[in-house]
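Let's take a walk through this structure together. Keep the 3D view open and follow along as we go.

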Amino acid sequence: MVEIVNRPYAKAFETFATARPDILCLSADLTSSCEVDGFRDRHPDQFLSLGMAEQNMLSFAGGLAMQGFRPFLHTFSVFLYRRPYDQLINSIAYSNRQVRLMGFLPGITTPGGITHQAIEDISVMRAIPNMTILECGDATEVETVLEVADSIDGPVYARVLRGEVPRLFSTPFEFNKLRTLSEGDDVLVVTSGVCTEEALRAAEPLKARGIGVHHLHVSTLKPFDREGLIKAARGKKGVVTLENHTINGGLGSLVAEILAEEGLGIKLRRLGLQDTFAHGASKPYLMKKYGLDASALVSAIGQLLGKDLDIGDAELEAVRIDTVHSAQKAEAL
Amino acid sequence: MNLSNQQSTEDVAAGIRKRVFLHTMRNNGGYLSQACSAAESLAFLYNEALTLGEPTLPKVPLPFGGVPSATNPDAFTGAGYHGPFAPEFDRLIISPAHYALVIYSALIQVGRMDEHALDHFNVDGGSVEMIGAEHSPGMEVTTGSLAQGLSMAAGIAWARKRKGEPGKVWVYMSDGEFQEGQTWECLAAMAYHGIDNVRVIVDVNRQQCDGAMSSVLDLGDLAARVASFGVTCRSIDGHDLGAMRAAADSAEPGKPLIILANTSPYQGMEFLKKRFPRLHYVRFKSADERREMQTAIAAELGVDEAEIARA
């Protein structure tokens, strides 16, 4: 069975930040919700509480960065770009400030509904010059995203997972490099964030039916490992993207842009929120309802290949994530 | 180090008004009223209050160096006209970027920019933009979207305090920015964190783009509102340099200092009163109107009209 890691960010941030005195932890009243409450209590000198005032927090962080500090901002993903978008542009992005926006509860991983669900954040951030976009897909990436974010000369937005997070990968977050989780000849599946774990549920049932799946996990959305995608896409009968985000402007869109620019002429199915807002409910319920789950992936692959794959929910619910580790080893070779 | 303490601050203020007036007449329009309200405040800052090093950028403004990015080593900011970044030196954040013409005129008047630097004003490909950008002379950050300058200054000031730097962070802002919620977020944050190395001068001219603030969104007793946030607030006549000096010296430990400089949008150019309340940007509807204003204001400022023609 897959290892479940409890609050990986809390420990990783404390280890990371205490070794680097120029790092500051900024928070906007969601300190424990972003797992930095322990850090606040044990390292108050590196912690700045700015309250429910995100516009001020973003501009303030721009000023800190000008003076050589490296502020890591902690709040829910949605509060980092919707209300303070103008501040993000003018106080941070234009001047290419080294401000790190650590966004928690991305997409439909929160039951908070429209007000709390960042479903178009990647689309918005992709449109901003100078911006780097990272997304964690497992506990290992949560533990190692901090060094990657800190290495970037410019602003960084990272989608972070909190609470109980599965460990899918045995190698650290590697900047701008696609992870190959399986290799196969029929379809290319490209996933990010929590959708990668979901796609892995479909791996065995698809394999059992003789479908060759080449599965790529994306943890750097901007810039993007274009060559890695092109190489994997060539010769496939179809491509499916699966993301915890609207299909407009995120992973599906950027894959579409690259396929079109390369003239590959491969059919593409974009799975994710189909140009709709979601609502407040549990993550499994929402992933099922909006077609972000393994079942939706299997349907899309069946459609692309013109086959009825006859894979039922019971088969998909049997989690067989232990097989991932062998795929990881293959990649490591 | 002041470059220009051979001039009196009154002379600097008069020079700012004259330069903005000449430029506005020569270019058929400009931010003239902002020179009326801001001249004493900016003269005080550049001629007395600020501790700045020698400029690090050439006196003749450079062309635009491209937008900042990880791959553009040529990008620069207008902070170079305020001198180098060093622990002992002050910084000045100009929040209302549309005061750019007045700022440029002040930099020229105190010798930080070339006498003819305004020839580069609003010229395509140049850095002396009409609305100051962060590469424009005197602009240290991007502030044209109002009310962000104070928050950035607060971040700079917190960092400088943490590093033990004696230099202050001065902010020049406009009263219209107190309509933005971010300004109040920042006052609360500065008070809570005891950011006491910030000095703010606010041009309280009670004007905004649509006209008088009282007809747009009046802010009532601004001094009381600001003070109630737990910061030090001094409300003065913004054309009284003695009052400004006293206010600037009255900072309290643990609190930022906010000086509300109550000003007249036609101070020194009473003729502009005829245009009240549309003073945000002065342009001319006819040649007659232009001639009438030119003669009247030239007389008020003691400018020889022939000087205007020598563009």
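This is a predicted model, so treat everything below as read off a computed set of coordinates. Start at N28(B), which counts as exposed because it has 10 C-beta neighbours inside 10 Å; the cut-off for "exposed" is 12 or fewer. You'll find N28(B) in the loop between α1 and β1 (29-30) of chain B. Its backbone is worth a look too: phi of N28(B) is near 65 degrees, a positive value in a residue other than glycine.

Now step back along the chain to the helix that N28(B) follows, α1(B). How far apart should the ends of this helix be? Helix α1 of chain B runs over residues 9-26, so it has 18 residues, and at 1.5 Å a residue these should span 26 Å. The end C-alpha atoms are indeed 26 Å apart, so expectation and model agree. Is α1(B) mostly covered or mostly uncovered? Mostly covered: 13 of the 18 residues in α1(B) are buried.

Chain B has another residue with this kind of backbone. N122(B) is not a glycine, yet its phi is positive, about 60 degrees. Look for N122(B) in the loop between α3 (100-109) and α4 (148-162) of chain B. With 15 other C-beta atoms within 10 Å, N122(B) is partly exposed.

While we're on loops, let's check out some peptide bonds. In chain B, F276(B) and P277(B) are joined by a cis peptide bond, with omega about 5 degrees. P277(B) sits in the loop between β8 (257-262) and β9 (282-283) of chain B. Over in chain A, a cis peptide bond links K222(A) to P223(A), and omega there is about -5 degrees. The loop that holds P223(A) runs between β12 (220-222) and α9 (226-233) of chain A.

Let's stay with chain A and zoom out. Chain A contains 14 helices and 14 strands. Its C-alpha trace spans about 60 × 40 × 40 Å along the principal axes. What radius of gyration would a compact globule of 333 residues have? Near 20 Å, and chain A has 19 Å, so the two agree. Of the 333 residues in chain A, 53% are buried. Contacts also reach across the sequence: take those in chain A between residues at least 6 apart, and 79% of them join residues at least 24 apart.

Finally, see where the chains meet. Here 24 residues of chain A are in contact with 24 residues of chain B. On the chain A side, α3 and α4 (85-93) each supply at least two residues, and α3(A) gives the most, with 9 residues. Sorted by class, that side of chain A has 8 nonpolar, 14 polar and 2 charged residues.

One pair of helices is worth zooming in on. Two packed helices are described by the angle between their axes and the distance between the axes. Helix α3 (residues 54-66) of chain A and helix α5 (residues 181-192) of chain B have axes that come within 8 Å and cross at roughly 70 degrees. That angle is why α3(A) counts as roughly perpendicular to α5(B). From α3(A), the contact uses Q55(A), N56(A) and F60(A), while α5(B) brings G181(B), Q182(B), E185(B), C186(B) and A189(B). By class, this contact has 3 nonpolar, 4 polar and 1 charged residues.

Notes:
Residues are numbered from 1 along each chain as its sequence is written. Chains are lettered from A and ligands numbered from 1 in the order in which they are written. This is a predicted model: local features need pLDDT of at least 70, side-chain atom pairs count only at pLDDT 80 or more; totals for chains, interfaces and linings use all residues. Axes are lines fitted to C-alpha atoms, for helices over the stretch in contact, and angles run from 0 to 180 degrees between N-to-C directions. Helices (H or I, at least four residues) and strands (E, at least two) are DSSP runs, numbered from the N terminus. Angles under 35 degrees count as roughly parallel, over 145 as roughly antiparallel, 65 to 115 as roughly perpendicular and the rest as oblique. Two residues are in contact if their C-beta atoms, placed from the backbone, lie within 7 Å. Ala, Val, Leu, Ile, Met, Phe, Trp, Tyr, Cys and Pro count as nonpolar, Asp, Glu, Lys and Arg as charged, and the others, Gly among them, as polar. The expected span of a helix is 1.5 Å times one less than its number of residues. A residue is buried if 20 or more other C-beta atoms lie within 10 Å of its own, exposed if 12 or fewer, and partly exposed in between; C-beta atoms are placed from the backbone. The radius of gyration is taken over C-alpha atoms; the globule rule is 2.2 Å times the number of residues to the power 0.38.
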